[in-house]
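Open the structure in your viewer and keep the sequence panel in sight. The tour below goes stop by stop, with something to select at each one.

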Amino acid sequence: MAMEVATPAPAPITAPERNIILAPATVETHKKNRIQVSNTKKPLFFYVNLAKRYMQQHNEVELSALGMAITTVVTISEILKNNGLATEKKVLTSTVGMKDETKGRMVQKAKIEIVLGKSDKFDSLVPPVTNGKTPEEVAKAETEAAVEVQEAAATEA
């Protein structure tokens, strides 16, 4: 008669307990239509005018800020919307972990991203980019260029 001997199952191997925080695997790439706003580097209307220019070029602009600069982004957004230049497409809020230079530890900072698109009235309210020339100077230069093309075509014929 064979005798069965019960052997206990091996205990699972356990690693020391660790708290692991998994962050989303997003890589921040620089977008051509993103403005990262600071409340200390430039005046408010610098960002308002820059946002207008970005909307002319890309049809939308993404305003982004951390911490205390969030109020500046909201103000810029509201100026553009109240003047009929932009419509709000998306608002994202989050927190990001950053190393505090003074305390040497990780702190959570609030972050906001507001995406604005051109309003229907944008093109009629904002003159086209003219590299610092008045609309009259641009029209005159275009007329002169057209005349030169016509003269060149007439001499070749």
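Which residue of β4 stands opposite Ala65? Select Ala65 and look across to β4: the residue facing it is Ile112. Keep in mind throughout that this is a predicted model.

**The strand pair around Ala65**

Now select residues 60-66, which make up strand β2, and residues 106-118, which make up β4. These strands run antiparallel and are joined by seven bridges. Another position to pick out is Leu63, whose bridge partner in β4 is Ile114.

**The whole sheet**

Widen the selection to the four strands. They form an open sheet in the order β1-β2-β4-β3, with mixed pairing. At the edges are β1, residues 34-36, and β3, residues 86-99, each of which pairs on one side only. On average, neighbouring strands of this sheet are turned by 20° against each other, direction ignored. Strands of a sheet pair through backbone hydrogen bonds, either parallel or antiparallel, so displaying the backbone is useful here.

**The β3 and β4 hairpin**

Select β3 together with β4. They run antiparallel, and 13 bridges join them. Ser94 has Lys111 in β4 as its bridge partner. Six residues lie between the two strands of this hairpin, where Gly104 takes a positive phi near 70°.

**The helices**

Next, select residues 44-58, helix α1. This helix packs on the sheet and touches β1, β2, β3 and β4. The direction of α1 makes about 140° with that of β2. Then select residues 70-82, helix α2, which lies across β2, β3 and β4. Helix α2 runs at about 10° to β4.

**The aromatic pair**

Finally, show the side chains of Phe46 and Tyr47. How are the planes of their rings placed? The count of aromatic pairs comes to one. The ring centres of Phe46 and Tyr47 are 5.4 Å apart and the planes stand at 80°; because an angle over 60 degrees counts as edge-to-face, the pair falls in that class.

Are Phe46 and Tyr47 buried or exposed? Phe46 has 36% relative accessibility, so it counts as partly exposed. Tyr47 has a relative accessible area of 5%, which makes Tyr47 buried.

Add Lys42 to the selection as a last stop. The charged end of Lys42 sits over the ring of Phe46, 5.0 Å from the centre of that ring.

Note on methods: Residues numbered from 1 in each chain as written. Heavy atoms only, no water. Phe/Tyr/Trp six-rings, centres within 6.5 Å; stacked < 30°, edge-to-face > 60°. Buried < 20%, exposed > 50% of the residue type's maximum accessible area, 1.4 Å probe, protein only. Lys NZ or Arg CZ within 6 Å of the ring centre and 35° of its normal. Pairing = 2+ DSSP bridges. Axes fitted to C-alpha atoms, helices over the stretch in contact; angles between N-to-C directions. Contact = heavy atoms within 4.5 Å.
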